[in-house]
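Open the model in your viewer and keep the sequence panel beside it. The stops below are given in the order in which they are best selected.

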Amino acid sequence: MKKLIFLILLSILCGCSDVKPLNTDNNGANIVAFGNSLTAGYGVDSAYSFPSVLQDMTGRTVINLGVSGDTARMGADRKEDISSHNPFMVLIEFGGNDAMKMRPLDETKAALKEIVDYVQSLGAIAVIVDTGGNIKMSAYTKMMKQIAKEKQAVFVPAIMDGIFFKPQLKSDGIHPNAEGYKLIAEKIYKIIKPYLE
């Protein structure tokens, strides 16, 4: 009952109160972090990447499949890498490079849907992780939130909000430092925690 209340409250906060994520009772073991440089932990030692910090927070193995420079389309092309890691949950973090490389929004949308469909076909929980951080990402945020609602996926909004414009939380002009990645891990953990209990 406690878990059900958590899920209802979480759905309301995500703006998708009528949607229950698919595959919440699956038998997978691991969390797979599937994304670009923000997932890979660019700019810091791997021990300070958000997947590593998240592993400590959750007590579950978190597999880091982040590849720096990847767009959503590039991620979709390597989606089958996920299947060998016995995923319980997959964190899908793309969009930042799509915006910087000015990829068409429809291309990003189609690729993200393809990844979500694949993750759900494996029986895992799909979690769409939105970059946010600046006004250029607002269209991506809206699009990702809509995909999450349509596909019955979990949505984590704007992980770079409160980080992107703070040099003290960044290792370069774009990427977080260890403290910044810790904040990202905390944001993600807050959303996914009810599904891990």
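## Stop one: Thr58

Select Thr58, which is found in helix H3, the helix made of residues 50-58. Please bear in mind during the whole tour that this is a predicted model. Is Thr58 buried or exposed? Its relative accessible area is 18%, and because buried means under 20%, Thr58 counts as buried. If residues up to four places away in sequence are set aside, the partners that Thr58 touches are Ile31, Tyr189 and Leu196.

## Stop two: the whole chain

Now zoom out and colour by secondary structure, which shows eight helices and five strands in the chain. Followed along the sequence, these elements come in the order α-β-α-α-β-α-β-α-α-β-α-β-α. The radius of gyration is 15 Å, close to the 16 Å that the globule rule gives for 197 residues, so the chain is as compact as a globular protein of that length. If you align the view with the principal axes, the C-alpha trace spans about 45 × 35 × 35 Å along them.

With a surface switched on, the accessible area of the chain comes to about 9100 Å², and carbon and sulfur atoms hold 55% of it. Of the 197 residues, 49% count as buried. A contact map adds a further view: among contacts with a separation of 6 or more, 78% are accounted for by residues 24 or more positions apart.

## Stop three: Gly28

Next, select Gly28, in the loop that runs between helix H1 (2-13) and strand S1 (30-35). With a relative accessible area of 15%, Gly28 is buried. What does Gly28 touch, when residues up to four places away in sequence are not counted? The residues are Arg60, Asn86, Pro87 and Phe88. For a distance check, pick the C-alpha atoms of Gly28 and Gln55, which lie 15 Å apart in space and 27 residues apart in sequence.

## Stop four: helices H6 and H7

Show helix H6 (residues 105-121) together with helix H7 (residues 138-151), hiding the remainder if that helps; the two pack at an angle of about 30 degrees, and their axes are 11 Å apart. The crossing of H6 and H7 is right-handed. On the H6 side, the contact is made by Leu105, Thr108, Lys109, Leu112, Lys113, Val116, Asp117 and Gln120, while H7 contributes Ala139, Tyr140, Met143, Met144, Ile147, Glu150 and Lys151. Coloured by residue class, this contact of H6 with H7 shows eight nonpolar, five charged and two polar residues.

## Stop five: Thr141 and Gln152

Stay with helix H7 and select Thr141, which lies in this helix. Thr141 is partly exposed, at a relative accessible area of 22%. Once its neighbours within four places in sequence are left aside, Thr141 is in contact with Asp130, Gly132 and Phe155. Measuring from C-alpha to C-alpha places Thr141 9.0 Å from Gly95, although 46 residues separate the two in sequence.

Then move on to Gln152, in the loop between H7 and S5. Its backbone deserves a look, with a positive phi of about 55 degrees in a residue that is not a glycine. Gln152 counts as partly exposed, with 31% relative accessibility.

## Stop six: Ala158 and Lys170

For the last stop, select Ala158 and Lys170; Ala158 is placed in the loop between S5 and H8, and Lys170 belongs to the loop between strand S5 (154-156) and helix H8 (178-196). Ala158 also has a positive phi, near 45 degrees, in a residue other than glycine. At 13% relative accessibility, Ala158 counts as buried.

Is Lys170 buried or exposed? Lys170 counts as buried, at 12% relative accessibility. To see what surrounds Lys170, show the residues in contact with it beyond its neighbours within four places in sequence: Ile163, Phe164, His175, Pro176 and Asn177. Finally, draw a C-alpha to C-alpha distance from Lys170 to Pro157, which gives 19 Å in space for two residues that are 13 apart in sequence.

Technical notes:
Residues numbered from 1 in each chain as written. Predicted model: local features only at pLDDT ≥ 70, side-chain atom pairs only at ≥ 80, totals over all residues. Heavy atoms only, no water. Axes fitted to C-alpha atoms, helices over the stretch in contact; angles between N-to-C directions. Helix = DSSP H or I, 4+ residues; strand = E, 2+ residues; numbered from the N terminus. Left-handed = near helix turned anticlockwise from the far one by under 90°. Contact = heavy atoms within 4.5 Å. Nonpolar A, V, L, I, M, F, W, Y, C, P; charged D, E, K, R; others polar. Rg over C-alpha atoms; globule rule 2.2 N^0.38 Å. Buried < 20%, exposed > 50% of the residue type's maximum accessible area, 1.4 Å probe, protein only. Areas by Shrake-Rupley, 256 points an atom, 1.4 Å probe, with all protein chains shown as cover.
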